[in-house]
Amino acid sequence: SSKFYIQRARKKLKRFKNVELVSDGIDSPDIPGNYYDIITINYVIHDISPGKRQDIVSKLAEKLNHKGKICISEPTKISHGIAVDEIRNFFSGAGLNEKTFKHNRSRYTGCWEK
């Protein structure tokens, strides 16, 4: 569950004072624009209805400060996941540039910069 992963992340990141963990509300985050240096998204985009994905990615991109990054990891299996081309289209459509990526048969991991 999200609660489990938030607790796990909180434990790993406890030495950092400027980390904020958010586990809900991806479709309407109550966060000011130009706020974050880095947003990480792990195995979430593929579970959002296809018609809402671009809007959500665009809203998240607005939350980044200048040169801010969104780093994501998504499953890419046909049976459960999202195609790499779709991921790239959503993030480039939000005005972000792919800086790093890895892709194998089952997962895409990448960082996109504003």
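1. Aromatic pairs. This predicted model holds two aromatic pairs. One of them joins Tyr35 and Tyr36: the ring centres are 4.7 Å apart and the planes stand at 90°, so the pair is edge-to-face. The two tyrosines differ in exposure. Tyr35 is partly exposed, at 44% relative accessibility, whereas Tyr36 is buried, with a relative accessible area of 13%. The cut-off for buried is under 20%, so Tyr36 at 13% falls in that class.

2. Charge over a ring. Another aromatic ring has a charged partner: Arg88 lies over the face of Phe101, with a distance of 4.4 Å to the ring centre.

3. Disulfide. How many disulfides does the structure hold? There is one, formed by Cys71 and Cys111, whose sulfur atoms are 2.2 Å apart. Cys71 sits in strand β2 (residues 64–75) and Cys111 in strand β4 (residues 107–113), so the disulfide ties together parts that are 40 residues apart in sequence. In general, a disulfide is a covalent bond between the sulfur atoms of two cysteines.

4. Geometry and burial of the disulfide. Is the disulfide of Cys71 and Cys111 right-handed or left-handed? The torsion about the S-S bond is about 110°, so the disulfide is right-handed. Cys71 is buried at a relative accessible area of 18%, and Cys111 also counts as buried, with 18% relative accessibility. Both values fall under the 20% limit for buried residues.

5. Nonpolar core. The largest nonpolar core has 22 residues, and those that touch the most other members are Ile41, Ile70, Ile72, Phe91 and Leu96. Two or more residues of this core come from each of β1 (36–42), α2 (50–62), β2, α3 (84–93) and β4. In soluble globular proteins, nonpolar side chains tend to be buried together.

6. Surroundings of Ile41. What does Ile41 contact beyond its neighbours within four places in sequence? The residues are Leu60, Ile70, Cys71, Ile72, Ser73 and Glu74. Ile70 and Ile72 also appear with Ile41 among the core residues that touch the most other members. Cys71 is the residue that shares the disulfide with Cys111.

7. Fold and dimensions. The chain has three helices and four strands, in the order α-β-α-β-α-β-β from the N terminus on. The C-alpha trace spans about 40 × 30 × 25 Å along its principal axes. A compact globule of 114 residues would have a radius of gyration near 13 Å, and the chain has 14 Å, so the two agree.

8. Burial and contacts over the chain. Of the 114 residues, 32% are buried. Of the contacts between residues at least 6 apart in sequence, 63% join residues at least 24 apart.

9. The segment after β4. Where does Lys114 lie? Lys114 is in the segment after β4 and counts as partly exposed, at 33% relative accessibility. Leaving out residues up to four places away in sequence, Lys114 touches Asn34, Ala61, Glu62, Leu64, Asn65, Lys67, Gly68 and Leu96. Leu96 is also one of the core residues that touch the most other members. Between Lys114 and Lys69 there are 6.3 Å from C-alpha to C-alpha, although these residues are 45 apart in sequence.

Terms used:
Residues are numbered from 1 along each chain as its sequence is written. This is a predicted model: local features need pLDDT of at least 70, side-chain atom pairs count only at pLDDT 80 or more; totals for chains, interfaces and linings use all residues. Side-chain values use heavy atoms; hydrogens and water are left out. A disulfide is a pair of cysteine sulfur atoms within 2.5 Å. Buried means under 20% relative accessible area, exposed over 50%, partly exposed in between (1.4 Å probe, protein chains only). Rings of Phe, Tyr and Trp (its six-membered ring) pair if their centres lie within 6.5 Å; planes under 30 degrees apart count as stacked, over 60 as edge-to-face and the rest as tilted. A charge sits over a ring if NZ of Lys or CZ of Arg is within 6 Å of the ring centre and within 35 degrees of the ring normal. A nonpolar core is a set of buried Ala, Val, Leu, Ile, Met, Phe, Trp, Tyr and Cys residues joined through side-chain atoms within 4.5 Å. Contact means heavy atoms within 4.5 Å. The radius of gyration is taken over C-alpha atoms; the globule rule is 2.2 Å times the number of residues to the power 0.38.
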